[in-house]
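Trainee: I should like to learn how to read the features of a structure, from the whole chain down to single residues. May we work through an example together?

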Amino acid sequence: MSAVVSRIREPLIEGNKSYHDITEDLISPTEKTPSLAWVIGLILSLSFLTFGVFCIAWTIWFGIGAWDLNRTIGWGWDITNFVWWIGIGHAGTLISAILLLFRQKWRTGVNRAAEAMTIFAVLCAALFPGIHVGRAWVVFYFFPYPNTRGPLWVNFNSPLLWDLFAISTYFTVSLLFWYTGLVPDFATVRDRASGVRKKIYNFLSFGWTGSAKHWQRWESLSLVLAGLATPLVLSVHTIVSFDFATSVIPGWHTTIFPPYFVAGAIFSGFAMVLTLMIITRKILNLQEYITITHIESMNKVILLTGTIVGVAYLTELFIAWYSGYVYEQFAFYNRVFGPYYWSYIGMMSCNVLAPQIFWSKKLRRSIFWTFFMSIFINIGMWFERFVIIATTLARDYLPSSWSWYDPTWVEIGIYLGTMGIFFTLYLVFTRVAPVVAVAEVKSILKSSGDQYIGPNAHAHHHDHAPVAAKMDFAAASMVDDTAAKMAAAAPVLAAAASEVSAPVASVQDDLKKVEGIGPKIEQLLKAAGVNTFAQLADAKVPFLKSVLEEAGKRFQMHDPTTWPDQARMAAEGKWEELKKWQDELDGGKL
């Protein structure tokens, strides 16, 4: 009885993967020597980080006068970059929390890197308020605490304090959510490691054994944290918007800011996720786990949130006109036609007009256009923050106090330094943990793998399917003598050889389809003369054990007892039975 295959949903895992393949593909990047591209990226990131640290030290030593702020424009690149980084940090928790609660399967390919992005982006954002106060050591007094001089409390009416509480809460919950998802994968890395590395991952995995009780507690904790994180996604950038909305400055004092900021944050955050995932997908060869379907789903969210942001822009313009308040009207007139007009044009072009290309399915599924637009959108969202801050402050009520703002090299250097921090942490993360969640990808294999759904479902054919399909080794397997088996199969081999262009002797099967055989073991077996499923089915278990023992200690732990039986099923074309058996074998591991 064949399974019902959806004609609508596309597979989220390609390449006819087994559970073993998923483990090998996603864990091996943490074990191999880093590539040249990774090393070059780390060197560049560390260079930016070093320059940023120098600029921060320069600021602390010489004071905020090293920046180009003045009495009219008290916020510049520092708060612009703070709001921009907070926005980028939104998408990770959104993908992981809301999509988990809604049981969206396409989250599994991108949620791990998005969660990491949240942590790193919030760290970069928190840097700016800390140095913006001028005397960095007074940041200590942001925290209300009882002390020996009597209760010392801060000003609870200050949006700066609201930011502190919102961001610290958001960071804590996001960190717990991210680390909870990592625990099963750390245990998988531990089980494959040795020496000091094994001890480190054993500590990081908290003694995870993969028991049913552990999985039950893990799932419960993930859902609780997702439930906590979901309102935080909305609250954090809402509170950031209060930095502006609670003031009485024209252009800021508006109730549309909270939803407008939240939509913009999700918009920019998803764009940064796409930037990271397309690069990671290429460098780590994860095209079969981060598929075009994942990218298209992300682009749909970008199209939706970009349209919401565009509606918010137009609503602002309408309310300013409809209010009849001349100062509010001038604030928006100044944004469009004032000295910073170029930033307003850039904002509208990148954030409102450009994402509309994703109405086209062809462009939504294009890697080039997605990568280009992801960078374009984040440039536009940076322009938006700059437009809100600089253009509004530059021209106040009194023309005599109007001023102009240009960032100094120190401000630019600090911004580049945060980019260095972000990408250094992300690159190190790709070497420490799987970028794609192994356990979660395995959990959707049967419902989203291309061997189960899509046009290639159940088409389990290797390169020389005609040969394997016509070889009836069922009768020959009743005979113990290998020569007798080959003699019984000789007529079938000869008939099948005429149907393929390559000689029978050159036939090689993908032995990795057998549970327990990976790329390295496959090489060992083929070096020993076992090239096909039929030959593996004929092989004796002691012979297979001797091949593994000769290869070294790391291969002796593998048990080849079931390999001949699995290979026999594969040779007979009994893929459904083989998959069912493998799933039963792997059931305790998933």
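**Reading the fold and its surface**

Mentor: Among contacts in the protein between residues at least 6 apart in sequence, 76% join residues at least 24 apart. Please bear in mind that this is a predicted model.

Trainee: How many helices and strands does the protein have?

Mentor: There are 26 helices and 2 strands. Of its 590 residues, 51% count as buried. The exposed area is about 27,700 Å², and carbon and sulfur atoms supply 67% of it.

Trainee: Which residues does Pro 34 touch, leaving aside those up to four places away in sequence?

Mentor: Pro 34 touches Val 39 and Arg 431. Pro 34 itself lies in the loop that runs between α1 (19–27) and α2 (36–62). A related distance concerns Thr 430: this residue is 396 residues from Pro 34 in sequence, yet their C-alpha atoms are 9.8 Å apart in space.

Trainee: Is Pro 34 buried or exposed, or does it fall in between?

Mentor: The class follows from relative accessible area: under 20% is buried, over 50% is exposed, and the range in between is partly exposed. Pro 34 has a relative accessibility of 31%, so it counts as partly exposed.

Trainee: Which residues form the nonpolar patch on the surface?

Mentor: The patch consists of Phe 51, Phe 54, Trp 58, Trp 61, Phe 62 and Trp 409, with about 710 Å² of accessible area together. Helix α2 contributes the largest share, 5 residues.

Trainee: Why is Trp 61 classed as exposed?

Mentor: Trp 61, found in helix α2, is classed as exposed because its relative accessible area is 71%, and the class requires over 50%.

Key: Residues are numbered from 1 along each chain as its sequence is written. This is a predicted model: local features need pLDDT of at least 70, side-chain atom pairs count only at pLDDT 80 or more; totals for chains, interfaces and linings use all residues. Side-chain values use heavy atoms; hydrogens and water are left out. Helices (H or I, at least four residues) and strands (E, at least two) are DSSP runs, numbered from the N terminus. Buried means under 20% relative accessible area, exposed over 50%, partly exposed in between (1.4 Å probe, protein chains only). Contact means heavy atoms within 4.5 Å. Accessible areas come from the Shrake-Rupley method with a 1.4 Å probe; for residues, only the protein chains shown count as cover. Patches are made of residues with over 30% relative accessible area and no salt bridge: like charges are joined within 9 Å, nonpolar side chains (Val, Leu, Ile, Met, Phe, Trp, Tyr) within 5 Å. A salt bridge is a side-chain nitrogen of Lys or Arg within 4 Å of a carboxyl oxygen of Asp or Glu.
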